[in-house]
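Please open the model in a viewer and keep the sequence panel visible. The stops below are given in the order in which they may be selected.

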Amino acid sequence: MSVTQQQVLEKLAGVTSPRGVALTNANVLSPITVSDGKVFFSINVDAAEARAWESVRAQAESAVRAIPGVTAAMIALTAERKPGTAAPPQPHRHGGIAPASTHRPPQGAPSPMSRQAEIPGIAAVIAVASGKGGVGKSTTALNLALGLRDLGLRVGLLDADIYGPSVPRLTGIREKPALNDDKKMIPISRFGLSIMSIGFLVEEDTAMIWRGPMVMSAITQMLRDVAWGTLDVLVVDMPPGTGDAQLTLAQNVPLKGAVIISTPQDLSLIDARRGLAMFRKVNVPVLGIVENMSYFQCPHCGTRSDIFGHGGARHEAERLGVPFLGEIPLHMAIRTTSDSGNPVVDSEPDGPHAAIYRAIGTKVRDQLRGVIAAA
Ligand code: ADP
């Protein structure tokens, strides 16, 4: 049975907007795309009203999903309208637009960042990325999130590394998220963070073979169909690498900035440069580079050995004109605490490693201060 735009509009007419009129009369709907049972559109409202509209978005999504023949519905709430302006006009029947997730900005919008809908309630989404796997990206993402928590911020962590979600291991979380009344997943609360990972939903040993579009749709669901509540910062642990999946993600997530993790070896610095280029391409500000496993620190005597030379990432950051955020030693305590689900910033809060992550968090927070304050 093929679904029509008319059916969608009829369903939406039954949803009441915060303005007291039917959603279809509230002058907020983008054109509606219906293709193969998949329905996409956006609800465009003023930033100041966004919170009041979130439950309407969810109701609209459930209403559309209830139409027989609808296999997927993605409805984005975009809060980029200037007060008093109208939503774009509806096209003629069968007229299509890009899916809501690629909602186009108004003419003359300053950067592609405004193309993605902000997530109501979250002041800043930041990515933690690396040019390749195994450099300690996830360990750094979690400890950075905890460092930001220690600065008094409300922080969430989204494990978007869906090829190898390590957040369940790093946090020791085994339970599955529950659903709230709006059918949104409630993130798991641990260490004072709101945490979500695809690893909470699928068995650890499930082979995960994802193709580009599936990656994006899984991550979009985790970003937008999770009841994050009010957050100052949502740290996104990105999939490693700089391929198409990562580029699409960087393009489609409303990122306020990116932190790049590198190890000191030359090769990894080359990979880090690729990461930098990727974020620049999509106009996401690079908040800086972190050098992980920067030097070896003996767990017994504390002696420092610069196994891979020293200062590579700092020089590289200077040369490329991005902030250098800090050096994290290769230390047994970081590995054992991470791998046992007790991240070092939480389990050894007065130790030297926690201080390093907090210092990195401070540099990140300082760059986001305006965004967080504005929210
Ligand atoms: P990635 O996310 O880049 O694949 P992980 O964060 O999973 O990397 O880290 C890979 C391994 O390295 C893990 O066993 C982790 O505990 C360890 N590790 C990460 N950073 C450090 C560090 N600074 N010192 C010691 N071990 C580390």
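Begin by selecting Met293, which is found in the loop between strand S10 (286–291) and strand S11 (296–297). The structure is a predicted model. The phi angle of Met293 is near 55 degrees, a positive value in a residue other than glycine. Most residues other than glycine have a negative phi. With a relative accessible area of 26%, Met293 is classed as partly exposed, because that category lies between the 20% limit for buried and the 50% limit for exposed.

**The ligand**

Next, select Asn292 together with the ligand. An N or O atom in the side chain of Asn292 is 2.9 Å from a nitrogen atom of the ligand. Taken alone, the ligand exposes 560 Å², and the protein buries 85% of that area.

Now display the whole surroundings of the ligand, which comprise 17 residues. The closest are Gly136, Lys137, Ser138, Thr139 and Pro329. Two backbone approaches to oxygen deserve a distance label. A backbone N or O atom of Lys137 lies 2.8 Å from an oxygen atom of the ligand. For Val135, a backbone N or O atom lies 3.0 Å from an oxygen atom of the ligand.

**Helix H3 and the loop after it**

Extend the selection to helix H3, residues 137–150. How far apart are the end C-alpha atoms of H3? They are 20 Å apart, which agrees with the 20 Å that 14 residues should span at 1.5 Å a residue. Colour H3 by accessibility: 13 of its 14 residues are buried, so the helix is largely enclosed by the rest of the structure.

Move on to Gly152, which follows H3 and has a positive phi, near 90 degrees. Gly152 lies in the loop between H3 and strand S5 (155–159). Is this glycine buried or exposed? The relative accessibility of Gly152 is 61%, so the residue counts as exposed. Add Asp232 to the selection: Gly152 and Asp232 are 80 residues apart in sequence, yet their C-alpha atoms are 9.6 Å apart in space.

**Phe191**

Select Phe191, in the loop between strand S6 (188–190) and strand S7 (193–197). Its phi is near 55 degrees, a positive value in a residue other than glycine. Phe191 counts as buried because its relative accessibility is 16%, under the 20% limit.

**Helix H2**

Turn to helix H2 (residues 50–65) and pick Ser55 within it. Ser55 has 33% relative accessibility and therefore counts as partly exposed. A line drawn between the C-alpha atoms of Ser55 and Ser17 covers 9.4 Å, although the two residues are 38 residues apart along the chain.

**The whole chain**

Finally, clear the selection and view the protein in full. It has 11 helices and 13 strands. Of its 375 residues, 52% count as buried. The protein exposes about 16300 Å², of which carbon and sulfur atoms supply 54%. Among contacts with a separation of 6 or more, 76% join residues 24 or more positions apart.

Colour the model by confidence as a last step. The mean pLDDT is 82, and 85% of the residues reach 70 or more. Over residues 84–115, however, the pLDDT is below 50, and this stretch has 57 contacts in the model beyond near neighbours in sequence.

Methods. Residues are numbered from 1 along each chain as its sequence is written. Side-chain values use heavy atoms; hydrogens and water are left out. Helices (H or I, at least four residues) and strands (E, at least two) are DSSP runs, numbered from the N terminus. The expected span of a helix is 1.5 Å times one less than its number of residues. Buried means under 20% relative accessible area, exposed over 50%, partly exposed in between (1.4 Å probe, protein chains only). pLDDT is the predictor's confidence in each residue, from 0 to 100. Contact means heavy atoms within 4.5 Å. A residue is near a molecule or strand if one of its heavy atoms lies within 4 Å of it. A polar contact is a pair of N or O atoms within 3.5 Å; within protein, one must be able to donate a hydrogen and the other to accept it, and residues adjacent in sequence count only if both atoms are side-chain atoms. Accessible areas come from the Shrake-Rupley method with a 1.4 Å probe; for residues, only the protein chains shown count as cover.
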